[in-house]
Each structure stands twice: as C-alpha cells, then as structure tokens.
Amino acid sequence: MTYEEIFAKSRELILANNASGIDGHLAVEVDITGEGSGAFYIELKDGNIYVEPYEYYDRDCKLIVSGDDFLNICSGSLDSVKAFTNGKLKIEGDIDKALKISDIFNAVKKSNAEKAAGTVSSEAENTKKNEK
C-alpha cells in the first residue's frame, strides 16, 4: 500500500468514531514504517477527532508501526496493547496518552462487534419472517 492509501483508510476508520466521551487534549503522531512509510497525526480536542497528513512536533506521544499493523489496530482486529507487547508497535513519549488513544481503537472494535451482531440478528429475523 502507498502512504496515501494507508492515511486515507486510517483516517476513515478513526473518524468513524465518537470522541465525545474522551476529555482533554491529545496529540499523537503516527510514523508508518516499511511499505508506505510516512507520518500523520491524530488529535483529540474538545470531543472532536482530527486526522491530518502532517508531522506533529508538539505531540504527547509518537506511535511507530507498519501500515498493515496500524490499519489492523484501527479496525480493531489487532489489540494495540498486544501489538506493543509483541513489538509490532513502538511508543515514544507519554505512554499514558498512548493508552488513551487506544480508547478510540477499542471503540472501533466495539462498534464493529455491535454491527456484526446486528447483522447476525437481522439475518436471523429475516430467516424467521421468510419461514412464515
């Protein structure tokens, strides 16, 4: 994947979340390594999420990760804490702030699980209706 593709998909996944429950300010730079390398930032401010294709020098922390692993973290298919403990994700700066950004990724995972459960429920309901 190219940097542009990784950034666009990451932005889409991150902005699909509601940050209204996360208080304060948080600025995280994401450094993509390997294929599609580049940097962008995620900022939470006043309950809003911003994702922009720039380095962020006044950041709270920096995440260093491959593009594939970051997309998996964003989609909720790779737990950010597990990625960190397995060495797939490196963190520079305030680790507490990095854990706070993982709340957004966990919200994605929860949302995806709810959508999947809703799809299963809808399919079951449709099957019951069709049987009648």
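1. Let's start at one small turn. Aspartate 46 sits in the loop that connects β2 (38-45) with β3 (48-52). Please keep in mind as you read that this is a predicted model. Is aspartate 46 buried or exposed? With a relative accessibility of 68%, aspartate 46 counts as exposed, because the cut-off for that word is over 50%.

2. Stay with aspartate 46 a moment longer and look at its backbone. Its phi is near 55°, which is a positive value in a residue other than glycine. The turn belongs to the hairpin of β2 and β3, where two residues lie between the strands.

3. Now follow the two strands of that hairpin. β2 and β3 run antiparallel, and five bridges join them. One pair you can look for is isoleucine 42 with its bridge partner in β3, valine 51.

4. Valine 51 also helps you see how the side chains of β3 are arranged. They alternate along the strand: Ile49 and Val51 point to one face and are buried. Asn48, Tyr50 and Glu52 point to the other face and are not buried.

5. It may help to step back to the whole chain here. You can find four helices and five strands in it. Going along the sequence, their order is α-β-β-β-β-α-α-β-α. The chain has 132 residues, and 36% of them are buried.

6. The helix α1 covers residues 3-15, which makes 13 residues. From its first C-alpha to its last it reaches 18 Å, close to the 18 Å expected at 1.5 Å a residue. Which residues of α1 are buried? They are Tyr3, Ile6, Phe7, Ser10, Leu13 and Ile14. Looking down the axis of α1, you would see these buried residues fall within an arc of 135°, so they line one face of the helix.

7. Just before α1 comes a segment that holds methionine 1. This residue counts as partly exposed, because its relative accessibility is 39%. Try finding glycine 67 from there: the two residues are 66 apart along the chain, yet their C-alpha atoms are separated by 7.9 Å.

8. Glycine 67 brings us to α2, where it is one of the buried residues. The others are Asp69, Phe70, Leu71, Ile73 and Cys74. After α2 comes glycine 76, with a positive phi near 90°.

9. Next, have a look at the empty space. Rolling a probe the size of a water molecule over the atoms shows where such space is left. The largest pocket has a volume of about 150 Å³. Its lining has 14 residues, and the closest to the pocket's centre are Ser80, Leu89, Ile91, Ala98 and Leu99.

10. Where does that lining come from? At least two residues each are supplied by α2 (67-75), α3 (80-85), β5 (89-93) and α4 (95-131). Which element gives the most to the lining of the largest pocket? That is α4, with six residues. By type, the lining of this pocket has twelve nonpolar residues, two polar ones and no charged ones.

11. One last stop is glycine 93, in strand β5. Glycine 93 counts as exposed, because its relative accessibility is 59%. Its C-alpha lies 9.0 Å from that of leucine 63, while 30 residues separate the two in sequence.

Conventions: Residues numbered from 1 in each chain as written. Predicted model: local features only at pLDDT ≥ 70, side-chain atom pairs only at ≥ 80, totals over all residues. Heavy atoms only, no water. Expected span 1.5 Å × (residues − 1). Buried < 20%, exposed > 50% of the residue type's maximum accessible area, 1.4 Å probe, protein only. Arc of directions from axis to C-beta. 1 Å grid on protein atoms, 1.4 Å probe; cavity = no way out; pocket = protein on both sides within 12 Å on 5 of 7 lines; lining within 4 Å. Points joined across faces, edges and corners; volume = space filled by probe spheres on them. Nonpolar A, V, L, I, M, F, W, Y, C, P; charged D, E, K, R; others polar. Pairing = 2+ DSSP bridges.
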